[in-house]
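Here are a few friendly notes to read alongside the structure. Take them one point at a time, and keep the picture open as you go.

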Amino acid sequence: MFLYFDGCSYTKGMELDDRESDRFSTLVSNHFKADHLNNARGGASNDRIVLRSLEFLENNSCDYAIIMLTHCERMTFSRKFYPSLDRNFHEKYYDDLLRLNDDMGRLNFYKNRYILEQEFKKKNIPLLLLQYHDVKVNNLWRRKCNGEIQTVSDDRFFGEKKSLLGLFCNKEYYYNDNKKDILTHFNSRGHRKVADYIIGKLTSTI
């Protein structure tokens, strides 16, 4: 069995003391005694996550894909321009830095999600999608997607939802015992929680 994982730094396992061993892709693969590829990259936008996944599918296959979509305000334009770091871009073009009126990012998020769902369906490969934060909107692209997907963490600006880890940066899932500090990425307990969710979902279909 071969599993494909993609996403941003959350999927990559940033800030873990033992990234290779403790991230959820390894935990899931060990559970099923499966080979796997974790193709995640730190700072990746959903555009990049989708592009990498499509590039992988051009010449490869897998028995199951698990992809965690990232913050909708991350968008790919060019290698030299990073909208998330450019306040001018947000003030003039992007609607809102805090995603309170984020039509552009939300539209892009659901376009990307739709592309992923359709491509894996065409390849007849089961796909489990997660999203780091909920993306609140009701547009045509969202209505074309396959229902709700699991949220990993609750956005601090919008309060709590039924996420796996609760509110962003809570002590249980974001505290590092060795560094004695709150992380911006979830800790090994958080990765275990996410892994258990994925294992539960895959067990009924594998």
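**Notes on the predicted model**

1. Let's begin with the outside. The chain has an accessible surface of about 10,700 Å², and carbon and sulfur atoms account for 47% of that surface. Please keep in mind that this is a predicted model.

2. Now for the overall make-up. The chain holds nine helices and seven strands. Of its 206 residues, 50% are buried. Take the contacts between residues at least 6 apart in sequence: 62% of them join residues at least 24 apart.

3. Next, find the sheet. Five strands form an open sheet in the order E2-E1-E3-E4-E5, and their pairing is parallel. Strand E2 (35-38) and E5 are at the edges with a single partner strand each, so each has one side without a neighbour in the sheet. Helix H6 (residues 103-122) packs on the sheet, where it touches E3 and E4, and its direction makes about 165 degrees with that of E4.

4. Look for another helix, H4 (residues 46-59). Helix H4 lies across E1 (2-6), E2 and E3, and runs at about 155 degrees to E1.

5. How many of the five residues of strand E4 (residues 127-131) are buried? Four are, so E4 is largely enclosed by the rest of the structure.

6. Finally, see how E4 is paired. Strand E3 (residues 64-69) runs parallel to E4 and is joined to it by five bridges, with Ile 67 opposite Leu 129 in E4. E4 also pairs with strand E5 (residues 150-151) in the parallel sense, over two bridges. Here Gln 131 stands opposite Thr 151 in E5.

Definitions and conventions. Residues numbered from 1 in each chain as written. Predicted model: local features only at pLDDT ≥ 70, side-chain atom pairs only at ≥ 80, totals over all residues. Heavy atoms only, no water. Buried < 20%, exposed > 50% of the residue type's maximum accessible area, 1.4 Å probe, protein only. Pairing = 2+ DSSP bridges. Contact = heavy atoms within 4.5 Å. Areas by Shrake-Rupley, 256 points an atom, 1.4 Å probe, with all protein chains shown as cover. Axes fitted to C-alpha atoms, helices over the stretch in contact; angles between N-to-C directions.
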